[in-house]
Amino acid sequence: MLLLVFCSMEKALLRTEYKQKRNALSSGQQLRNDDLLLLQFQQLDFSGVNTMMTYWPLANQAEPNTHLFSGYLRHMIPGLSITYPKLNGVNSMDAILIDEETVYQTGNWGITEPGSGPVIAPIEIDLILVPLLVFDEQGYRVGYGKGYYDRFLSNCREDAILVGLSYFDPVALITDTDEFDIPLTFGITPQHIYEF
């Protein structure tokens with residue numbers, strides 16, 4: 001019974017638990033996990049990807065180093081357009097196209113984002129790295145609880161590739177998902193790729 005309770009949890013409990021688990025990793029463990037995540041990521045098929053959205057990892061949250069993944073794709077896909085999220089109000093965010101001249105700033109939530117740049121429509125994005133703390137075996141994720149990504153993803157194409165990166169295996173079930181939650185296409189851990 002204890003195992004069932006551990007594997008199936010509500011978002012708030014999972015959010016607290018996985019923040020603690022991630023912050024308990026040493027910098028060496030995190031670097032090793034980033035390398036293993038990148039090896040898994042490199043196995044995906046990126047043949048239809050021309051535009052991606054990534055995000056700047058939150059240093060104080062021990063997030064995976066997303067710069068490794070965008071750097072790899074920039075090398076593999078000549079002319080790849082890369083966007084970063086920028087909060088544009090209380091309830092939404094835009095995808096901002098970046099280039100070598102982009103100046104970044106850190107906003108109120110400690111999120112580093114482009115200061116300015118062209119806004120790219122969600123339907124133009126082929127691949128999105130979606131931040132998370134943990135995901136479940138159905139592809140649903142626990143984020144930071146603000147809902148920005150679910151609102152943004154609801155405007156993306158159904159065939160957009162949504163990738164979540166986690167240092168930890170998925171839990172069996174997030175018990176309080178709702179109709180607005182959008183599942184990942186792939187959940188990647190250091191040892192496995194989960195396809196949904």
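**Helices, sheet and a buried loop in a predicted model**

Helix H2 covers residues 11-23, and at 1.5 Å a residue these 13 residues should span 18 Å; the C-alpha atoms at its ends are 18 Å apart, which agrees. The expected span of a helix is taken as 1.5 Å times one less than its number of residues. Helices (H or I, at least four residues) and strands (E, at least two) are DSSP runs, numbered from the N terminus. The model is a predicted one, in which local features need pLDDT of at least 70 and side-chain atom pairs count only at pLDDT 80 or more, while totals for chains, interfaces and linings use all residues. Residues are numbered from 1 along each chain as its sequence is written, and side-chain values use heavy atoms, with hydrogens and water left out.

Within H2, the buried residues include Lys 11, Leu 14, Arg 15, Glu 17, Tyr 18 and Arg 22. Here buried means under 20% relative accessible area, exposed means over 50%, and partly exposed lies in between (1.4 Å probe, protein chains only). As general background, an α-helix has 3.6 residues a turn, so residues three or four places apart point the same way.

Attention now turns to the sheet. Eight strands form an open sheet in the order E7-E4-E3-E2-E8-E11-E13-E14, with mixed pairing. E7 and strand E14 (193-195) occupy the edges and have a single partner strand each, so one side of each is left without a neighbour in the sheet. Two strands are counted as paired if DSSP finds at least two bridges between them. Strand E3 (residues 81-87) runs antiparallel to strand E4 (residues 93-97), and five bridges join them. Along this pair, Thr 83 stands opposite Leu 97 in E4, and Tyr 84 has Ile 96 in E4 as its bridge partner. E4 also pairs with strand E7 (residues 119-120) in the antiparallel sense, over two bridges. Ile 96 takes part here too, with Val 119 in E7 as its bridge partner.

Two helices pack on this sheet. H3 touches strand E8 (127-130), strand E11 (161-165), strand E13 (186-188) and E14, and its direction makes about 145° with that of E13. H4 touches strand E2 (51-53), E3, E8 and E11, and its direction makes about 150° with that of E3. Contact means heavy atoms within 4.5 Å. Axes are lines fitted to C-alpha atoms, for helices over the stretch in contact, and angles run from 0 to 180 degrees between N-to-C directions.

The two helices also pack on each other: helix H3 (residues 27-41) and helix H4 (residues 66-76) meet at an angle of about 35°, with their axes 10 Å apart. Their crossing is right-handed. A crossing is right-handed if the near helix is turned clockwise from the far one by less than a right angle, and left-handed if anticlockwise. On the H3 side the contact involves Asp 34, Leu 37, Leu 38 and Phe 41, which meet Leu 68, Phe 69, Tyr 72 and Leu 73 in H4. By class, this contact has seven nonpolar, no polar and one charged residues. In this scheme Ala, Val, Leu, Ile, Met, Phe, Trp, Tyr, Cys and Pro count as nonpolar, Asp, Glu, Lys and Arg as charged, and the others, Gly among them, as polar.

The loop between E2 and H4 rewards a closer look. Gln 61 is found in this loop and is buried, with a relative accessible area of 15%. Not counting residues up to four places away in sequence, Gln 61 touches Lys 19, Arg 22, Asn 23 and Tyr 144. Ala 62 lies in the same stretch, the loop between E2 and H4, and is buried at a relative accessible area of 10%. Ala 62 has a positive phi of about 50° although it is not a glycine. For reference, most residues other than glycine have a negative phi.

Glu 63, also placed in the loop between E2 and H4, counts as buried at 4% relative accessibility. With neighbours within four places in sequence left aside, its contacts include Arg 22, Gln 30, Trp 56, Pro 131 and Tyr 167. The C-alpha atoms of Glu 63 and Arg 22 are separated by 7.7 Å, although the two are 41 residues apart along the chain. Arg 22, placed in helix H2, is buried with a relative accessible area of 3%. On the same contact criterion, Arg 22 touches Gln 61, Ala 62 and Glu 63, among others.
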